[in-house]
Amino acid sequence: MGGRRREAVALLRPGGISAPLEARRGRRSPGSGFALPFLAGPEFMDLYMMNCELLATCSALGYLEGDVYHKEPDCLESVKDLIRYLRYEDETRDVRQQLGAAQILQNDLLPIITQYPQDKLLFDAVIRLMVNLTQPALLCFGKVPHDPSSRHCFLQVVSYLQAYKEAFASEKVFGTLSEKLYDLLQLDWEQRQEEDNLLIERLLLLVRNVLHIPTDPEEEKSVDDDASTHDRVLWAMHISGTDDLLKFLASSPAEQQWGLHVLEIVSLMFRDQQDPEQLAAVGQSRLAKEQAADMRELELLRQREMAERKSRVLQRGSRHSRFGGSYVVQGLKSLGDRDLVFHKGLHNLKHYSHDLGKEARRVPKRRQPAREAEPRRRSALNVRLFLREFCGDFLESCYNRLMCLVKDQLLRERGQQHDETYYLWAMAFFMAFNRSQRFRPELVSETLSVRAFHFIEQNLTTYYEAMLLDKKEATSWARRMHLALKAYRELLTTVQEMDRSPDEAVRDSSKIIKNNIFYLMEYRELFLALFRKFDESRQPRSFLRDLVETTHLFLKMLEAFCRGRSNLVVQSKRVRKKKQPRAGRAGPPAPPHTPQELEELWAGLQEQLDTCAQGAEPLPEDAVPFDAASETPVEEQRAEAMVRIQDSLLDRRAPAALALLRSAREVWPEGDVFGSPQAAVEEETQLLRQILFAPLPRQAALEVEEPGEEEEGEEDEEEEELASVQVSEKEFSFLDYLKRFASTSVVKAYVLLLRSYRQNSAHTNHCVAKMLHRIAYDLKMEALLFQLSVFCLFQRLLSDPSAAAYKELVIFAKYILGKFFALAATNKKAYVELLFWKSTATVREMTEGYSSLREGEGAGARRASKWTQQEEEELQELYLKYKGVEGADVVGSILTHLPSRTRKQVVKQLVQLGLAESRRDFPRERKGTRLVLWTEEQEQELQRLFEEFRDADDILGNIMRHLTAKRSKARVVEKLLSLGLVAERKELYKKRKRKPGLPDVGEDRSPWGAAGQEDSAEDEESDSEGEGEAWEEGGAGGRAAEGCREQGGENRMVPEQDVQGLACCLRQAGLAVPLLWLQSCLNRAAEDREEDGTAQPVPLVPLSEENEDAMENEGFRKLLRKVGVRAPANEQESFWRIPAKLSPEQLRRAAASMAPAEPEVGGGSTQGAGSREEQSSRALQRLQLARRKRGASPEEEIPVLEQPPAAPGSEPERDSPGRSPPGPKRSRVILSDDDDDPDSPVAAPARPAPDSDGEGARPPSRRKRLRIEEEEED
């Protein structure tokens, strides 16, 4: 018998020739690097033809003779070979398909484990093989394939799995598995080996895999109460005692590691069962309420059948259809202007529609409604009785302990991905079963708490956000969200059931839970968010039904909770968004002044200026003519400085205007725009008068969006929003909370569910009607339902033959229709409003009048006033006046004469008057838009910046920050591509950092590039703390400054950004020789890299004892990090290293920054402007340097007008010998910014000798102010 079977199986291979059995038995087993040669070609994929190697391996397992299986001597090796073959299968799972087609599991593996359970090695190997063969197809393929060939393979694997499940529906198989599992669980932990634990886990995984196999609905087209394959598997588990072993594993404290496996198996056992309420009622007499519900359903069906029979009788004509005649329907137009001609019987007229005969509109696949879950069938009675008993025992002894264990593992992330779905299912199922059978809160106390509400709300929010972000897996996230929503609804239902408990302690517990969930804002806003983002194409109709029912329950409980309380206080979170105004935007334009008013104003200002010239009134010291934090470069802020001077004069603040004028002259000395440096007081007074009377151009005010106007995204730049959450408490009003549901998105969702009122349950229809009644009657917002699709639904409801069964819906529909026709009698536009969904503001206008919101209330308060005829004539004259001016902003020029209007209002009115075709004729001028062509110098600058930052993480960002001429990122990218510096745009993308704790090097200001900030996170943190202390205390920070403080008590440590100042402090602390050694190392490395053309990391090896001690100094290490030297990366490195990415220019620049400062201060403007921040710092340097040279207060130096500042390039004058010497230290604070140009004279601040005469002492408050300005600029 066995020989004939082997010969028959051998004929299945290609060629019909089988290898000799002796040769198959003596074959060499494949090793670890084995790869099947037959897995490469597509000709292997014939599911009914097995490969000779695979066939030989299967034949060597043994043969079945009657009910007895005879294993071969090399059966164990053959099983191991099959495991190896499965390990090396291709993406089509060819080995798995061939083994399934040959029915190896049914004919060989199952008989082996049932007849040879005493062979431990063979039993273990067969269990391993069966776990691999029965794993879900989704795990084999990763996801459901979309291409036809792969999807065919996927379906084939599923069909083989269904055949495996049929074979496992055997009491003998599960009896063997349960006996082996029982024997293993009897072993103590001291006796249990690692192999025993692996076998226990594999047995649980095998049971899980078998239960996870989906049923085939085509093959199991049986009625309810008939045993399916899943029912037979459950019955086999029950007879073999496997269910008792599962309960033991769930309740035993010694078997905690199998908690997630047990919970997963239990959830798969009930996958085909109906809701737990019906399962709890199995074997009990039916209640009168259930019988009445069934009678109503039967009566509804009978009424529908009678109505359909009656309509068929009426449609049956007495004559032949060809003699039905033709009719003209008056009042119903056809496609033309004539009345409709109807060629059918009159009984068909009420079903007529213009859409008859038209081709149905195809809905794209991505917009089709989501598929509903397969309808559940009722299992056999004996299976349901066994499951009801299992649920009762599980609640009694296992539920609380197992749920606590599983939740702890989930919070510690010990489980696999999405294991929390089994926890959510178990919570919803067993709490509903406990509530339906005999409600005992102590059995589900583990999941009946505020923490359970928080856990579900957190997962529900996570699934909700993932569904919006992960478009491809949105359906899967929607299913998980549906599961979490069911658990949330069951928690609410259980809390409501606790209110009806006769035990007072249970009612108090319910009150505490409701106090917490109603107090927190997250639980109240959850349903509103779910309604707003409901998507019919991703979430099925069943999700919407559960959402509506859960919302109904929550509102019902909240209303009852508020009814007995007069002042309920809840938590409120308010997100306040602070908008940063756009750069260059000013406030509302000041009203124009007449010449007479300006003359009167100047008379008072001149007196103040004379007082300031005599020294009676000091000038303010904090006058800074530019905004260092603005995105606008400092060189482009001259016009704004002029406007600020004029504003100070208009506000009668002459001293401030004079201080601003002098400060602006120091920042922008080019062209003597703000006067010459040697200007006298009379010249400054005359210049201020000219500024006062000049019609300076001002930026338009921040415009208010008008309702109905679209935002011009191409013209307006987005403003940065800084959101801050403010938590407070407020008195809760249920009616105000209910108003949040009066929105179009919520009403649309309810109407969508109402369309399937025939398929809905009576409770679902009641929930829909109750919410719509709250909106229409309680809130007086019935106009939200004045929509044509809603009225069509009402028409279908009222004409339904079984409308008597929907009495509540019929009454509500008649109420809404009556309200509409009453409104239509006074508002003739109500019929047009039927075509649109309406907002609350539109509803109010529709019911109270279209001018009710234009009188200063609501959104209409922001609407602009109408244009008068005089304003239109003035607008037309101004447009014709400025239309021909070349290069001028026409709308901007008009706005100077129409200060009460905004730019959008002017543009809109120009279009309405026919002076322009569209708004695009008046584009808002952006900064830098006139820079069209690239000059040769700009191209060279771009190439230099690219070479400097090509190794940075954000190449494009660094180039944009350091580019002199401001251009858009798109223009810079196009230029880089045209110059051939990059091959594609991807090379300019910002690189992601692998280590999340490292600091950002995107905003590097060091002159040697981004490599200067390679500090570790800990060093940066310590540096920032030390720097913060230095700013606050005004003294030195860091250990390297201790020597400075010892040598001079008045000396102060400069900020750590100033490399030169830090090197000076180290030099004064006695580290001059190590600094020279570091400089020589950097210069030598630069020379080597220029000669070799390659760069390698160079270690800094201190050979002398002095250099070695310096390498241990914390201040010296800070300097190393600042210049870009890298610390030892790990324990294997001992020395600091000069990174390979530092170019020779950067190394020389770093070495030059540590050189001693020159004694002279050069003048002139800095060549090669850098980023906006560097321009701001240079402007601050020039401003404060000029103040130091001329003096800013009467007690410091000679007056400003008597001693003008030194000319550029000249040596500054020294102060009188009576002044105190701490000036040089303060000058380092002011001149702390690095410069891109090492040759710039500003980059080398003056540093007189400590014993020389310095500046006068500065007040501490002023010094602190200058430090704060520096910090804000950074």
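## Buried charges and paired rings

Arg435 counts as buried at 17% relative accessibility (buried is under 20% relative accessible area, exposed over 50%, partly exposed in between, with a 1.4 Å probe and protein chains only). A few ground rules before the exercises: this is a predicted model, where local features need pLDDT of at least 70 and side-chain atom pairs count only at pLDDT 80 or more, while totals for chains, interfaces and linings use all residues. Residues are numbered from 1 along each chain as its sequence is written, and side-chain values use heavy atoms, with hydrogens and water left out.

**Exercise 1.** Find the residue that forms a salt bridge with Arg435, and give the distance between the closest N and O atoms.

*Solution.*
- Start at the charged end of Arg435: the salt-bridge partner is Glu490, with the closest N and O atoms 2.9 Å apart (the criterion is a side-chain nitrogen of Lys or Arg within 4 Å of a carboxyl oxygen of Asp or Glu).
- Now place the two ends: Arg435 is in helix H19 and Glu490 in helix H21 (residues 474-499), so this pair links distant parts of the chain, 55 residues apart (helices, H or I of at least four residues, and strands, E of at least two, are DSSP runs numbered from the N terminus).
- Check the cover on the partner: Glu490 is buried too, at 8% relative accessibility, alongside the 17% of Arg435.

**Exercise 2.** Which parts of the chain does the salt bridge of Arg192 and Glu255 tie together?

*Solution.*
- Take the distance to begin with: the closest N and O atoms of Arg192 and Glu255 are 3.2 Å apart.
- Then look at the loops: Arg192 lies between helix H10 (171-186) and helix H11 (194-212), and Glu255 lies between helix H13 (242-251) and H14, so the bridge ties together parts that are 63 residues apart in sequence.
- Accessibility comes last: Arg192 is buried at 7%, and Glu255 is buried at 3%.

**Exercise 3.** Are Arg950 and Glu947 buried or partly exposed?

*Solution.*
- Their side chains meet in a salt bridge, 3.0 Å from N to O.
- Arg950 comes out at 39% relative accessibility, so it counts as partly exposed.
- Glu947 has a relative accessible area of 45%, so it lands in the partly exposed class as well.
- For a network instead of a lone pair, go to Glu89, Arg93 and Arg96, which are joined by salt bridges that share partners.
- For the overall tally, the whole structure has 39 salt bridges.

**Exercise 4.** How many aromatic pairs does the structure hold, and how are the rings of Phe270 and Phe429 arranged?

*Solution.*
- A ring pair is described by the distance of the centres and the angle of the planes.
- The count is 34 aromatic pairs (rings of Phe, Tyr and Trp, the last by its six-membered ring, pair if their centres lie within 6.5 Å; planes under 30 degrees apart are stacked, over 60 edge-to-face, the rest tilted).
- For Phe270 and Phe429, the centres are 4.8 Å apart and the planes sit at 45°, so call the pair tilted.
- In sequence the two are 159 residues apart: Phe270 is in the loop between helix H14 (259-269) and helix H15 (276-280), and Phe429 is in helix H19 (residues 420-436).
- Phe270 is buried at 2% relative accessible area, and Phe429 is buried at 6%.

**Exercise 5.** Classify the aromatic pair of Phe390 and Phe394, and list the aromatic cluster that includes Phe390.

*Solution.*
- With 6.0 Å centre to centre and 25° between the planes, Phe390 and Phe394 are stacked.
- The two are four residues apart in helix H17 (residues 381-397), so about one helical turn separates them.
- Phe390 is buried at 2% relative accessibility, and Phe394 is buried at 1%.
- Collect the cluster: Phe270, Phe390, Phe394, Tyr399, Trp425, Phe429 and Phe430 form one group.

**Exercise 6.** Which rings do Arg480 and Arg901 lie over?

*Solution.*
- The charged end of Arg480 sits over the ring of Trp477, 4.7 Å from its centre (the test wants NZ of Lys or CZ of Arg within 6 Å of the ring centre and within 35 degrees of the ring normal).
- Arg901 covers the face of Trp867, at 4.2 Å from the ring centre.

**Exercise 7.** How many helices and strands does the protein have, and what share of its residues is buried?

*Solution.*
- Counting gives 51 helices and eight strands.
- Of the 1274 residues, 45% are buried.
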